[in-house]
Amino acid sequence: MRSEILDIFNILVLHGPNLNLLGKREPSFYGLATLAEINAMLQREAERLNATVECYQSNHEGALVDAIHRAGEEKQGLIINAGAYTHTSIALRDAIAGVKVPTVEVHLSNIYQREEFRHHSYIAPVAIGQISGFGANSYRWGLYAIVEHLRQSSQ
Ligand code: DQA
């Protein structure tokens, strides 16, 4: 019989370039919530879900690659909004494929309603799924999705 105590899942939330500007950056696409507010919301949700989240933002591709490698050692799941690197970075894609940490890709805006160069994601083929277009709630649903995926796979 399985224990009544739920597993705790440790999740890394990675924010890529320019997401430190949330709140004042193109609010018609990205909304008014700041990154600090989104991270605080994720902390609250994680507590309810019996998970932990560590949030990290960088404008540098290599720093994001290093963070993914660390997640491979320390975390059970990854949520990533790679920002513009979504559409350019084979390095981020290879890092995710290399560490094999289940990953949910999120975007605040609906990337398929925007310029054509945003329609292609290098991350999507190595992610378990993608959530795009729900503003800050994309992160919330992303957290639900990764926790549910980890619960199902640990049964
Ligand atoms: C984004 C979409 C990307 O195309 C863009 O470069 C970003 C943010 C989003 O969350 O909607 O920086 O990832």
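**Entry 1: V147**

I count two residues as in contact when they have heavy atoms within 4.5 Å. The model I am reading is predicted. With that cut-off, and leaving aside neighbours within four places in sequence, I found V147 in contact with F9, L49 and A51. I placed V147 in helix α5. I then looked up the C-alpha separation between V147 and A51 and got 7.5 Å, for two residues 96 places apart along the chain. Is V147 buried or exposed? I noted V147 as buried, because its relative accessible area is 1% and the limit for buried is under 20%.

**Entry 2: W141**

I stayed in helix α5, which covers residues 137-153, and went to W141. I put W141 down as partly exposed because its relative accessibility is 34%. Which residues does W141 contact, leaving aside its neighbours within four places in sequence? I found I131 and F134. I also took the C-alpha separation of W141 and H60, which came to 26 Å for residues 81 apart along the chain.

**Entry 3: the ligand**

I turned to the ligand next. Where does the ligand sit? I found the ligand in the largest pocket. Around the ligand I listed R25, Y30, N81, G83, A84, H87, H107, L108, S109, I111 and R118.

I then went through the polar distances to ligand oxygen atoms. For R25, a side-chain N or O atom is 3.0 Å from an oxygen atom of the ligand. For H87, I read 2.7 Å between a polar side-chain atom and a ligand oxygen. For H107, a side-chain N or O atom comes to 2.8 Å from an oxygen of the ligand. I checked how much of the ligand is covered: taken alone the ligand exposes 320 Å², and the protein buries 99% of that.

**Entry 4: H87**

I went back to H87, one of the residues around the ligand. I located H87 in the loop between β3 (77-81) and α4. I wrote H87 down as buried because its relative accessibility is 15%. Besides the ligand contact, I found a polar atom of the H87 side chain 3.5 Å from the backbone oxygen of R118. R118 is itself on the list of residues that surround the ligand. Not counting residues up to four places away in sequence, I have H87 touching I111, F117, R118, H120 and Y122.

**Entry 5: L22**

I looked at L22, in the loop between β1 and α1. I recorded L22 as buried, since its relative accessible area is 4%. Leaving aside neighbours within four places in sequence, I found L22 in contact with Y30, A33, T34, L35, I38 and L108. Among these contacts are Y30 and L108, and I had both of these on the ligand list as well. I also took L22 against F134: the two are 112 residues apart in sequence and 15 Å apart in space, C-alpha to C-alpha.

**Entry 6: S58**

I found S58 in the loop between β2 (51-57) and α3 (61-74). I noted S58 as buried because its relative accessibility is 5%. What does the side chain of S58 reach at 3.0 Å? I traced this to the backbone nitrogen of H60. Not counting residues up to four places away in sequence, I have S58 touching H15, G16, P17, A63 and L64.

**Entry 7: D66**

I moved into helix α3 for D66. I entered D66 as partly exposed, since its relative accessibility is 44%. I took the C-alpha separation of D66 and L92 as 9.6 Å, with their positions 26 residues apart along the chain counted as the sequence separation.

**Entry 8: two positive phi values**

I looked up two residues with positive phi that are not glycine. E26 has phi near 30°. I placed E26 in the loop between β1 (9-15) and α1 (27-30). I have E26 as partly exposed because its relative accessible area is 40%.

K100 has a positive phi of about 60°. I placed K100 in the loop between α4 (90-99) and β4 (103-107). Is K100 buried or exposed? I wrote K100 down as exposed, since its relative accessible area is 70% and exposed starts over 50%.

Definitions and conventions: Residues are numbered from 1 along each chain as its sequence is written. This is a predicted model: local features need pLDDT of at least 70, side-chain atom pairs count only at pLDDT 80 or more; totals for chains, interfaces and linings use all residues. Side-chain values use heavy atoms; hydrogens and water are left out. Helices (H or I, at least four residues) and strands (E, at least two) are DSSP runs, numbered from the N terminus. Buried means under 20% relative accessible area, exposed over 50%, partly exposed in between (1.4 Å probe, protein chains only). A polar contact is a pair of N or O atoms within 3.5 Å; within protein, one must be able to donate a hydrogen and the other to accept it, and residues adjacent in sequence count only if both atoms are side-chain atoms. A residue is near a molecule or strand if one of its heavy atoms lies within 4 Å of it. Accessible areas come from the Shrake-Rupley method with a 1.4 Å probe; for residues, only the protein chains shown count as cover. On a 1 Å grid over the protein atoms alone, a cavity is a set of points where a 1.4 Å probe fits but cannot get out, and a pocket is an open set with protein on both sides within 12 Å along at least five of seven lines; lining residues have an atom within 4 Å of a point. A molecule sits in a cavity or pocket if more than half of its atoms lie within 2 Å of its grid points.
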